[in-house]
Amino acid sequence: VVAEKMTLFMPEDRLNMTFTLQASLRVKENSVDGLFNSISPDSDGDVLRIPLSKIYKTYAEQIIRAEAREFLSQYSINDIAANLEAVNAKLTEKLTKSIQERTPFQVRYIGLSDLTYPEIIVRSQEAAAERTENIRQENAQYELSKVVLERQLNEAKLQRTIEVEKALAEAEVNRIIGESITP
């Protein structure tokens, strides 16, 4: 397992983004003998061994670093933040293919982790979330006010209906009284 801590200048945003590219690799069985021909082994008594870190530095490190930089620089920071899983899947596919074709390694896992976005992007996202929440709260307050005002309107209409009915009843009483009085 290797972890490449990287800082990448994102051309579209003109900002730096830091992340860790983690890879779980193993040497292909059919490549072991060839490694002893191309990398000088370390001697540990009677045993000759080549540390995996040495194989990684010789074959895969530059491929991973260069291709990850090239691939990720196509995106904006917001694109990566919004579609991290999809970007990670495409990056994994690209690096896996390159590593397995050009190195003695077989890939078990490759992926981004520990992404640190520039502070200005974080603040921008927080401000956008705050604006969205404020709009949601204002809409909720509007709906509440609307319900209160509709209730008040209905009460006023009912009150007016009652007043009209009272006035009509009183007018009817006065008309009847007026008809019953003689000179």
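**Exercise 1. Is R14 buried or exposed, and why?**

Solution. This is a predicted model, in which local features need pLDDT of at least 70, side-chain atom pairs count only at pLDDT 80 or more, and totals for chains, interfaces and linings use all residues. Residues are numbered from 1 along each chain as its sequence is written, and side-chain values use heavy atoms, with hydrogens and water left out.

- Step 1: fix the cut-offs. Buried means under 20% relative accessible area, exposed over 50%, and partly exposed in between (1.4 Å probe, protein chains only).
- Step 2: apply them. R14 has 67% relative accessibility, so R14 counts as exposed.
- Step 3: place the residue. R14 sits in the loop between strand 1 and strand 2. Helices (H or I, at least four residues) and strands (E, at least two) are DSSP runs, numbered from the N terminus.
- Step 4: check the backbone. R14 is not a glycine, yet its phi is positive, about 60°.

**Exercise 2. Describe the surroundings of E12, in the loop between strand 1 and strand 2**.

Solution.

- Step 1: accessibility. E12 counts as exposed because its relative accessibility is 56%.
- Step 2: contacts (heavy atoms within 4.5 Å). Leaving aside residues up to four places away in sequence, E12 touches Q74, Y75 and S76.
- Step 3: a distance. I77 is 65 residues from E12 along the chain, and their C-alpha atoms are separated by 8.2 Å.

**Exercise 3. Find the bend in helix 2 and list the buried residues of this helix**.

Solution.

- Step 1: the bend. Helix 2 covers residues 52–72 and bends by about 55° at A60. The bend at a residue is the angle between axes fitted to the seven residues ending there and the seven starting there.
- Step 2: the buried set. In helix 2 the buried residues include I55, Y56, A60, E61, I63, I64, E67, A68, F71 and L72.
- Step 3: the cover. The elements over these buried residues include strand 1 (2–10), strand 2 (15–27) and strand 5 (105–116). Helix 1 (32–38), helix 3 (77–82) and helix 4 (84–102) are also among them.

**Exercise 4. Why does E61 count as buried, and what does E61 touch?**

Solution.

- Step 1: location. E61 belongs to helix 2.
- Step 2: the value. Relative accessibility is 16%, so E61 counts as buried.
- Step 3: the partners. Beyond four places in sequence, E61 touches E4 and Y56.
- Step 4: a distance. The C-alpha atoms of E61 and V2 are separated by 9.3 Å, with the two positions 59 residues apart along the chain.

**Exercise 5. Classify N88, D114 and A127 by accessibility**.

Solution.

- Step 1: N88. This residue of helix 4 has 16% relative accessibility and therefore counts as buried. N88 touches G111 and L112, not counting residues up to four places away in sequence.
- Step 2: D114. This residue lies in strand 5 and is exposed, with a relative accessible area of 52%. D114 has a positive phi of about 50°, although it is not a glycine.
- Step 3: A127. The residue is in helix 5 (residues 119–180) and counts as partly exposed because its relative accessibility is 30%. The C-alpha atoms of A127 and I50 are separated by 52 Å, at 77 residues apart along the chain.

**Exercise 6. Set the radius of gyration of the chain against that of a compact globule**.

Solution.

- Step 1: the elements. The chain has five helices and five strands. Their order from the N terminus is β-β-α-β-β-α-α-α-β-α.
- Step 2: the radius. A compact globule of 183 residues would have a radius of gyration near 16 Å, but this chain has 38 Å. The radius is taken over C-alpha atoms, and the globule rule is 2.2 Å times the number of residues to the power 0.38.
- Step 3: the extent. Along the principal axes, the C-alpha trace spans about 140 × 35 × 25 Å.
- Step 4: burial. Of the 183 residues, 27% count as buried.
- Step 5: contact range. Take contacts between residues at least 6 apart in sequence: 62% join residues at least 24 apart.
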